[in-house]
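Hello,

Here is the structure I promised to pass on. Have a look at it first, and then read on for what turned up.

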Amino acid sequence: MLRLSKRSVSTLLRSGDKSFRVAAGASISRSSTSTTDAKRGDTESRWYSSLTNGKCRKNTHLNMKTNWFVGYRYESSAAASDSSSHAPPPPAEKFEYQAEVSRLMDLIVNSLYSNKEVFLRELISNASDALDKLRYLSVTNPELSKDAADLDIRIYADKENGVITLTDSGIGMTRQELVDCLGTIAQSGTAKFLKALKDNKDAGGDNNLIGQFGVGFYSAFLVADRVTVSTKSPKSDKQYVWEGEADSSSYTIKEEADPQLIIPRGTRITLHLKPDDKGFADPERIQKLVKNYSQFVSFPIYTWQEKGYTKEVEVEDDPAESKKDDQDDQTERKKKTKKVVERYWDWELTNETQPIWLRNSKEVTTEEYNEFYRKTFNEYLDPLASSHFTTEGEVEFRSILYVPPVSPMGKDDLVNQKTKNIRLYVKRVFISDDFDGELFPRYLSFIKGVVDSHDLPLNVSREILQESRIVRIMKKRLVKKAFDMVLGISLSENREDYEKFWDNFGKHLKLGCIEDRENHKRIAPLLRFFSSQSENDMISLDEYVENMKAEQKAIYYIASDSITSAKNAPFLEKLLEKELEVLYLVEPIDEVAIQSLKSYKDKDFIDISKEDLDLGDKNEEKEAAAKKEFGQTCDWIKKRLGDKVASVQISSRLSSSPCVLVSGKFGWSANMERLMKAQSSGDTTSLEFMKGRRVFEINPDHSIIKNINAAYKSNPNDEEAMKAIDLMYDAALVSSGFTPENPAELGGKIYEMMDTALSGKWSSPEVQNQQHMSQSHNAELLEAEVVEPVEVDGKK
């Protein structure tokens with residue numbers, strides 16, 4: 001008996017009533033089944049050990065151990081079952097997909113091309129391929145190019161009638177090739193030609209053919225409602241005309257009958273533009289499109305343009321003046337002329353046939369690079385640096401990158417998504433300048449340049465770039481070259497060049513610290529900061545590491561809103577005494593950038609405004625003595641301040657200040673709190689939970705702290721001591737960079753303290769005597785009022 005696999009059985013189960021009978025020899029019924037049993041009526045069921053071709057109506061079950069299918073089937077007789085088992089299955093019919101061609105073409109064209117301008121680019125690319133094919137085939141068969149020696153493309157625009165005619169002197173097409181290439185959608189003649197080259201072992205590997213997908217020609221219907229193609233191939237003696245309409249499902253092919261329209265070789269495409277798109281027939285617009293999209297096609301492109309030249313013509317004399325001159329015989333007569341511009345039409349070369357990036361970099365001068373930069377990007381200043389390179393192997397592309405001298409959008413414009421700084425070409429054909437976000441990370445959006453790929457399709461879209469493995473490889477290579485350029489500027493002998501670069505694009509690199517962890521090693525050496533030992537000139541992290549003390553184990557920094565506030569912060573006092581350099585992070589993005597780096601050359605970044613600062617000079621005996629002396633005072637201050645601080649500790653970072661308020665190790669710094677409040681749009685409730693714990697540190701060597709300690713020991717409940725603690729906390733809050741919650745209350749405390757301290761200090765002696773006498777008089781009056789009355793005659 002034939003065994004069936006589980007997959008076969010499952011397939012049969014899913015097929016419903018189309019089950020098949022598979023028998024090994026003949027059908028085997030039960031051994032106990034008699035002749036009487038075989039003649040039972042329709043209500044009797046029979047067992048089969050093979051699959052039946054009838055419909056399984058009930059009790060269908062599967063024996064998974066033996067891979068057999070067993071079921072019941074109701075039938076009229078066994079004879080009927082036997083006869084039906086030998087009936088052949090009906091043959092399967094084969095159908096081909098049907099489509100409404102006009103609708104399908106409309107979907108293809110409008111889904112591939114979102115910009116109507118690209119129709120000219122596509123047609124020029126096809127013409128370039130036709131010329132390339134002829135040039136290649138002429139090497140082995142010179143007879144092909146004998147009819148027309150010039151290999152070029154000519155575009156004629158009839159603005160009045162809305163007609164554009166594009167003619168090339170390429171290989172042309174035969175009648176059958178017209179049917180195959182233009183009559184079959186997505187049939188690429190270039191792709192077939194490339195395949196033939198690949199199959200030919202003698203063919204060279206280098207080619208400049210552009211098209212591959214066979215849909216570029218139909219982009220003409222973006223702007224034209226009727227397209228006529230007249231073509232002549234050297235392989236044929238006849239010239240054929242193909243004609244199609246935008247909304248039609250058919251096309252016509254005929255022989256060219258007009259002798260005036262005969263061309264020696266090549267193809268002439270005539271576009272009859274739609275009423276809304278007749279503006280494309282403007283010769284100036286055609287010239288602009290050619291320069292934008294097809295500037296670097298390998299063959300010369302000529303456009304029909306109006307030209308003019310200046311000439312002098314004679315001017316007829318005024319009759320009155322002529323009569324006067326006749327009377328004066330002594331006056332010498334001179335012919336009067338004027339300059340006029342004579343207009344005429346002629347062919348004008350529109351493109352440059354040799355892109356600068358295809359040339360050997362050793363043959364291109366710096367002035368040529370700079371001129372290409374100014375011309376391509378409409379700049380008037382030379383770039384700070386340039387890089388010309390070629391990538392071959394797994395991915396092939398050429399590129400020229402530039403570092404601009406200034407930021408065109410302003411120094412504060414970090415993320416400008418519409419920079420249009422990278423011009424993407426595919427085989428010298430311009431695709432778009434809107435893909436820089438896919439080729440560069442946004443923090444390098446200031447880099448300008450051109451990228452010419454040999455592997456991307458001509459109708460590339462943003463979605464294709466985002467998912468393309470080729471683009472990912474290109475992006476990695478481009479980013480590396482961009483960093484090499486910037487590094488070259490930083491190592492230049494002219495320090496002003498990098499200062500200029502940093503002034504314009506330094507924030508971009510700091511943004512890269514946050515967004516691109518993979519390139520931290522490339523970004524970090526390019527960063528620049530002010531420091532406690534270099535307040536006027538920025539230093540690099542390499543310079544900081546070189547200046548570090550032998551015992552220093554970390555890179556110290558403080559974040560603030562200015563250099564002045566940073567260098568006067570109380571956190572720096574002990575570090576300045578030890579001559580330890582501290583980086584000043586004075587821009588809003590600096591602190592986040594440094595925190596993203598975490599370390600540099602195995603040196604951790606340490607924020608000196610946070611708790612647990614270790615300067616490597618701990619004295620355990622001194623710390624123990626200070627805790628014994630001021631431990632209870634710290635608890636007393638903490639009790640007074642309550643939830644304002646997490647704890648009160650003895651500080652090791654202060655030398656001249658009595659106290660300081662430091663942030664928790666894992667919370668926001670004072671600078672970060674200030675920045676986040678500024679970005680909260682007035683609603684600070686959501687920021688409360690992000691505030692870090694605050695630690696109040698006191699300087700045990702300061703006189704104020706000693707007086708506070710004495711006040712605790714003498715009278716812990718003294719009201720003046722309590723006010724002194726509150727004022728000391730508020731002062732530390734401000735000096736540490738935090739914002740007081742109630743500035744008016746803080747001002748009132750300061751005024752009250754000033755009034756007490758300054759009372760009578762600068763008053764004149766007369767005023768002081770008057771004040772003293774007034775105070776004495778008031779004292780006498782007060783004493784007279786408390787004298788007891790005397791009894792007189794028994795009465796008071």
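Helix H8 (residues 283-293) lies across E5, E6, E11 and E12, and runs at about 130 degrees to E11. Please keep in mind as you read that this is a predicted model. Another helix to look at here is H5 (residues 118-140), which lies across strand E5 (153-158), E6, E10 and strand E11 (301-314). H5 runs at about 20 degrees to E6.

The strands under these helices belong to an open sheet of eight, in the order E9-E8-E7-E10-E6-E5-E11-E12, with mixed pairing. At its edges are strand E9 (251-255) and strand E12 (337-349), each of which pairs on one side only. From one strand to the next, the twist averages 20 degrees. Within the sheet, strand E6 (residues 163-168) and strand E10 (residues 266-273) run antiparallel and are joined by six bridges. If you want a place to start there, find Val163, which stands opposite His272 in E10.

Next, helix H10. Its 12 residues (366-377) should span 16 Å at 1.5 Å a residue, and the end C-alpha atoms are 17 Å apart, which agrees. Which residues of H10 are buried? They are Tyr369, Asn370, Phe372, Tyr373 and Phe377. These residues cover an arc of only 160 degrees around the axis, so they sit on the same side of H10. The background is that an α-helix has 3.6 residues a turn, so residues three or four places apart point the same way. The cover over the buried residues of H10 includes strand E13 (385-391), strand E14 (397-403), strand E15 (422-426) and strand E17 (448-453). Just after H10 comes Asn378, with a positive phi of about 55 degrees.

Strand E25 (residues 659-663) is also worth a look: five of its five residues are buried. Cys659, Leu661 and Ser663 point one way from E25, while Val660 and Val662 point the other way. E25 runs antiparallel to strand E26 (residues 694-698), and five bridges join the two. Cys659 stands opposite Ile698 in E26.

Finally, some totals for the protein chain. There are 25 helices and 26 strands, and 41% of the 796 residues are buried. Of the contacts between residues at least 6 apart in sequence, 71% join residues at least 24 apart. The accessible surface comes to about 46,400 Å², with 48% of this belonging to carbon and sulfur atoms.

Best wishes

How values were computed
Residues numbered from 1 in each chain as written. Predicted model: local features only at pLDDT ≥ 70, side-chain atom pairs only at ≥ 80, totals over all residues. Heavy atoms only, no water. Helix = DSSP H or I, 4+ residues; strand = E, 2+ residues; numbered from the N terminus. Expected span 1.5 Å × (residues − 1). Buried < 20%, exposed > 50% of the residue type's maximum accessible area, 1.4 Å probe, protein only. Arc of directions from axis to C-beta. Contact = heavy atoms within 4.5 Å. Pairing = 2+ DSSP bridges. Areas by Shrake-Rupley, 256 points an atom, 1.4 Å probe, with all protein chains shown as cover. Axes fitted to C-alpha atoms, helices over the stretch in contact; angles between N-to-C directions.
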